[in-house]
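Trainee: I keep meeting labels in structure descriptions and I'd like to know what earns them. Can we go through one together?

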Amino acid sequence: MDKLNILIAASEVVPFAKSGGLADVAGALPKALRSLGHDVRLVMPRYYIVDREKYALRLMEGGLGVPMGALGEVWGGVYEGVLPGTDIPVYFIDHEGFFGRGGLYEENGYSYIDNDSRFIFFSRAVMQLAKKIRFHPDVIHANDWHTAAIPMMLNTHYAYDSDFAHTGSLLTIHNLQHQGHFYKGAMEILDIGWDHFNANEIEEYDGINLLKGGIVHADAISTVSRKYAQEIRTDEFGWGLERLIDHNAYKLHGILNGVDYDEWNPAVDPFIAQTFDSDSMEGKKVCKRVLQHTFGLPERDDVPVIGLVGRLAEQKGIELLVHSIHALMHMELQIVLLGAGEKWAEHFFSDIAGRYPDKFRCYIGYRNDLAHQIEAGSDLFLMPSLFEPCGLNQIYSLRYGTLPIVRATGGLDDTIENYANDSRHGTGFKFYDATPDALINTVGWALYTWYNDSQGFEAMQRNAMERRFDWTVSAQEYEALYYRIKAGRRGE
Ligand code: ADP
Ligand code: GLC
C-alpha cells in the first residue's frame, strides 16, 4: 500500500495546549501513524500559552493569506516546530487578533464572542497552509466543530483546485454537545455561498451549525468509541443531530482512543511518590498515604480512597454527584476531587470539603501532576458521566490498578468490564441509570467488595492493570479508514 499524506487539524494538541482529551488524542495519534510509516503533519492555532522558546518554534518565511469573504484577505503567520521526540511537523497558525489571548475558547467562563471568525479563519488557514508548503494530503483529518468547516471548504472553495485534486476528509466527533452554533452572518466570512445555507447542510434555526455542515460534507465521520457511534443516532445523545447522523450512518465509524503509556505508566511515572506495577504493589500503598497527606485527609490504609479528575461540566455527571454526595459522606470512604469548570460546582465541592474535612477534599484547578497522583494513590475512580464519547481517565485508572466506577455509556461502557462476583472477572463497577440511587448503590457495591472481598478486588486490579488500549491498534483502524476515503475520492 502507498504511504499516506495525512494532515491533522486540531484546536488543541498535547503538549502545546490542552483543555481536555482532544489534545491527548491529537498529540498521540500522529505518533502512532508515523510509526506506520505515513507522512503525517499537524496544524493548530498559536495561542499565547504555546511556548515558542521551549518548543523551539521558528517563524516561517512569508505570511499566510487567508481569504475571509466580507473581511477580505486576512494575513497571518505560521510557526513551525515538531512534536517533541518525533520528526512530525507541527504548524501553528499565528494571528495576534484571533489567538493572542489568555484562553483557548473562553475566559472566566465566557466563550469568546468571535469564536466563529477565529475558527473559520483557522480552518481556512489550514487549507492555505497546505498550499503554501506544497503538501498534498490524501486525507485532511478534522476534529470537532472548530475545524468542521474544512470538509465544507474542500467541497466548495477548493473543489476544483488541483492541489487538492485527490484530497478527502475525515471529521472526528469527540463531543457532539458542542457544535459551533453561530449567527448566520458568519456565512459572509465562511463565504461558501448562501445556497449552502439550507437545512440539509449548514443551516439550523436560522443560524449556522458548523459541525452539521462538516458531518454532511466529510467523506467519513468517526467518533471515539463504537458505543458512542451508536448512541449519537438516538434522541438521548444526538443533541438534535440524531436524524442527520442516522441518515449518514453509512459513513460513520467508531474508533476507540488509545492511551499514551509513555506518560501513564505507574512503573515509570515521575510524578508519583513510588513506582509500582502488577507484580509489586507496595508502591501503590505509599502513593495512597502521600495522596491522603497532600489532600490533608487522615492517613489510613483501612479506608478506601475514591478519586475523581475531570472538567466540572454537565457531561461529567456532576449533578448526579451533587445529589449523591451527602449519602456518600455517610459511607466509610474518602474522596479526592481534582477539577475545574462550572463555577457553581467549584463552590459546591469546596463547601463540601469544608463540611466533611475528614472525608472529602478537592483541588479546584488544573494540575497534571496531581492527576497522576490521584490515579496512583486512589483505590477506586469515579466517572458518573451522562455521556462520554470515549473518556481517558478510566483507561488511565485501569493501568494504575484503580478500579473505575462508571456509568455504562459511550467509551466508559466499551472500556470497562463489569465485575462478576462469582467468577471474579471484570475491571470495574458499572451502573446504568443516570440517577443518584444507581450511583450510590454502585459505590456501595464497590466499597463492599473492597472491605469484604479483598481477593476479588485484587484479582480485578490485576485484570485491570494488564489491559492495554494501545494507540497502534487504533491507528491501524484510522489507517484503514484513510485508505477507504482515498479510494473513494479517486473513484477506485
Ligand atoms: P474530556 O476530553 O471530555 O475532558 P477525557 O477523559 O477524554 O475527557 O480527557 C480529560 C483529560 O484532561 C485527561 O487527560 C485528564 O487527566 C485531564 N484533566 C481534566 N481535568 C483536569 C484537571 N483539573 N487537572 C489535570 N488534568 C485534568
Ligand atoms: C472529548 C470527550 C471525551 C474523549 C475526548 C477525546 O472531549 O468528552 O470523552 O475522550 O474528547 O476523544
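Mentor: Sure, let's start with Phe381, which sits in strand β19 (residues 380-383). A strand here is a DSSP run of E with at least two residues, a helix is a run of H or I with at least four, and both are numbered from the N terminus. Before we go on: this is a predicted model, where local features need pLDDT of at least 70 and side-chain atom pairs pLDDT 80 or more, while totals for chains, interfaces and linings use all residues. Residues are numbered from 1 along each chain as its sequence is written, chains are lettered from A and ligands numbered from 1 in the order written, and side-chain values use heavy atoms, leaving out hydrogens and water.

Trainee: Why is Phe381 called buried?

Mentor: Its relative accessibility is 0%. Buried means under 20% relative accessible area, exposed means over 50%, and partly exposed is in between, using a 1.4 Å probe and protein chains only. Phe381 therefore counts as buried. By the way, Phe381 and Thr402 are 21 residues apart in sequence, yet their C-alpha atoms are 6.1 Å apart in space.

Trainee: What makes Thr294 partly exposed?

Mentor: Its relative accessible area is 44%, so it falls in the in-between class. Thr294 belongs to helix α9 (residues 282-295).

Trainee: What does the side chain of Thr294 reach, and why does that pair count as a polar contact?

Mentor: It reaches the backbone oxygen of Val290 at 2.7 Å. A polar contact is a pair of N or O atoms within 3.5 Å; within protein, one must be able to donate a hydrogen and the other to accept it, and residues adjacent in sequence count only if both atoms are side-chain atoms. The 2.7 Å pair therefore passes the distance test.

Trainee: How do you know that the length of helix α3 agrees with what is expected?

Mentor: The expected span is 1.5 Å times one less than the number of residues. For the 18 residues of α3 (residues 115-132) that comes to 26 Å, and the end C-alpha atoms are 25 Å apart, so the two agree.

Trainee: What makes α3 mostly covered?

Mentor: Of its 18 residues, 16 are buried. Just after α3, Arg134 has a positive phi of about 55°.

Trainee: Where else is phi positive in a residue other than glycine?

Mentor: Trp239 is one case, with phi near 45°, in the loop between α7 (226-231) and α8 (242-247). Arg424 is another, with phi near 60°, in the loop between α14 (410-415) and β21 (429-431). Trp239 has 38% relative accessible area, so it is partly exposed, and Arg424 at 32% gets that label too.

Trainee: Which residues are closest to ligand 1?

Mentor: Gly21, Arg311, Lys316, Gly365 and Leu392 are the closest of the 20 that surround it. A residue is near a molecule if one of its heavy atoms lies within 4 Å of it.

Trainee: How do you know that ligand 1 has polar partners?

Mentor: A polar side-chain atom of Asp24 is 3.1 Å from one of the ligand's oxygen atoms, and a backbone N or O atom of Gly365 is 2.8 Å from a nitrogen atom of ligand 1. Both distances are within 3.5 Å, so they fit the definition. The protein covers 93% of the 570 Å² of accessible area that ligand 1 has on its own, with areas from the Shrake-Rupley method and a 1.4 Å probe; for residues, only the protein chains shown count as cover.

Trainee: How many residues of each class are in the shell around ligand 1?

Mentor: Six nonpolar, eight polar and six charged. Nonpolar means Ala, Val, Leu, Ile, Met, Phe, Trp, Tyr, Cys and Pro, charged means Asp, Glu, Lys and Arg, and the others, Gly among them, are polar.

Trainee: Which residues come nearest to ligand 2?

Mentor: His174, Asn257, Gln315, Glu388 and Gly391, out of 13 around it. A side-chain N or O atom of Asn257 lies 2.9 Å from an oxygen atom of ligand 2, and a polar backbone atom of Gly391 lies 2.8 Å from an oxygen atom of that ligand. The protein covers 93% of the 310 Å² that ligand 2 has accessible on its own.

Trainee: Which element gives the most to the shell around ligand 2?

Mentor: That's α1, with three residues.
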